[in-house]
Amino acid sequence: MMKRNAVKLLTHGGDKIELCHELRLPFVNWVITNQKAFFKRYEISYVYRRAIGHSPPNHYLQGDFDIIGGASALTEAEVLKATMDIINHFFNSDSCDIHVNHGDLLDAVWSWIGIKVEHRQKVAELLSLLGSLRPQSSERKLKWVLIRRQLRQELNLAEAAVNRLQTVGLRFCGAVDQALPRLRGALPAEKLTRKALDELSELFSYLRVWRIEKRVFIDALMPPCESYHRDLFFQIYLRKENNPASLTEGTLLAIGGRYDYLFHQPWAREYVGYALITWLISFPYKQ
């Protein structure tokens, strides 16, 4: 797996070493080596990223919470609940928005819109400008004016495709109870699409039990932060009005998702791997 900003060093003996870039892959290797079918763990450790120019490497304190095995929707809900419990120690949980999506749902949306595979990455990069804005918010609707212009002028997308993109962004994203029926009604009833929507619905039913469903939004155009998040994934933002120091619309606090994909090569059996990745070093301490 290519890590573009990994820190690589040369020892005095001429050996090339790589500093820890993330906590996920070493843990996956450990799970495979020890043949773990069910396991929970958390880890807080430093990770390193290559700096610009000849500056020393940047290092960050990263916290991970992983669950291997278990019922899918319940596991996913548990990870989100644990994430919000952690965040609640530093911020008022009502000031945070949880954006969720599913890899198969995103693929279905791309196909419905008519975005070719080779163009999806560039379109996703433009749409990432909307990432921290709550779906259905007035700020997000205003941002679409800029996004439309860039999609047409910079990527030369057909107007019909841009119109469908905006339809998804303004009508099919938002509160789960509203977004799910609209997505079911608009998208072709293919097996993977139905499965993705069913998994989102089941996840939401567990989150309702834990009373955090009001902060959860389906963001059907949100791409995953990690390439190995191929199923359900999430991003949690602190809204701008609750973080005046932020120069952007919101601050990304945590990301996570299922990473079964990493186990498909080593093991043929089904794996449910779920991860929370959050940069604890950026959290101010709250008395």
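What share of the 287 residues in the chain is buried? In this predicted model, the figure comes to 47%. Let's start with the overall layout and then go down to a few side chains.

The chain is built from eight helices and 10 strands. If you take the contacts between residues at least 6 apart in sequence, 66% of them join residues that are at least 24 apart. On the outside, the chain exposes about 15200 Å², with carbon and sulfur atoms supplying 53% of that area.

Now pick out helix H5, which covers residues 138-153, and look for Gln150. Is Gln150 buried or exposed? Its relative accessible area is 16%, and since the cut-off for buried is under 20%, Gln150 counts as buried. What does Gln150 touch once you set aside its neighbours within four places in sequence? The answer is three leucines: Leu126, Leu129 and Leu155.

On to the aromatics. A pair of aromatic rings is described by how far apart the centres are and by the angle of the planes. The structure holds five such pairs. One of them joins Trp30 and Phe39, with 5.0 Å from centre to centre and 55 degrees between the planes, which makes it tilted. Neither ring's residue makes it into the buried class: Trp30 has 35% relative accessibility and counts as partly exposed, and Phe39, at 24%, is partly exposed too.

Compare that with Tyr228 and Tyr259. Here the ring centres are 6.4 Å apart and the planes stand at 75 degrees; edge-to-face means an angle over 60, so this pair qualifies. Where do the two tyrosines sit? Tyr228 is in the loop between strand E7 (216-218) and strand E8 (232-239), while Tyr259 is in the loop between strand E9 (250-258) and strand E10 (273-278). Because of those positions, the pair ties together parts that are 31 residues apart in sequence. Both Tyr228 and Tyr259 are buried.

Back to Trp30 and Phe39 for a moment, as there is a third member to add. Ring pairs link Phe27, Trp30 and Phe39 into a cluster. Phe27 also has a charged partner: the charged end of Arg41 sits over the Phe27 ring, 4.1 Å from its centre.

Which residue lies over the face of Trp112? That one is Arg164, placed 4.1 Å from the ring centre.

Methods. Residues are numbered from 1 along each chain as its sequence is written. This is a predicted model: local features need pLDDT of at least 70, side-chain atom pairs count only at pLDDT 80 or more; totals for chains, interfaces and linings use all residues. Side-chain values use heavy atoms; hydrogens and water are left out. Helices (H or I, at least four residues) and strands (E, at least two) are DSSP runs, numbered from the N terminus. Buried means under 20% relative accessible area, exposed over 50%, partly exposed in between (1.4 Å probe, protein chains only). Contact means heavy atoms within 4.5 Å. Accessible areas come from the Shrake-Rupley method with a 1.4 Å probe; for residues, only the protein chains shown count as cover. Rings of Phe, Tyr and Trp (its six-membered ring) pair if their centres lie within 6.5 Å; planes under 30 degrees apart count as stacked, over 60 as edge-to-face and the rest as tilted. A charge sits over a ring if NZ of Lys or CZ of Arg is within 6 Å of the ring centre and within 35 degrees of the ring normal.
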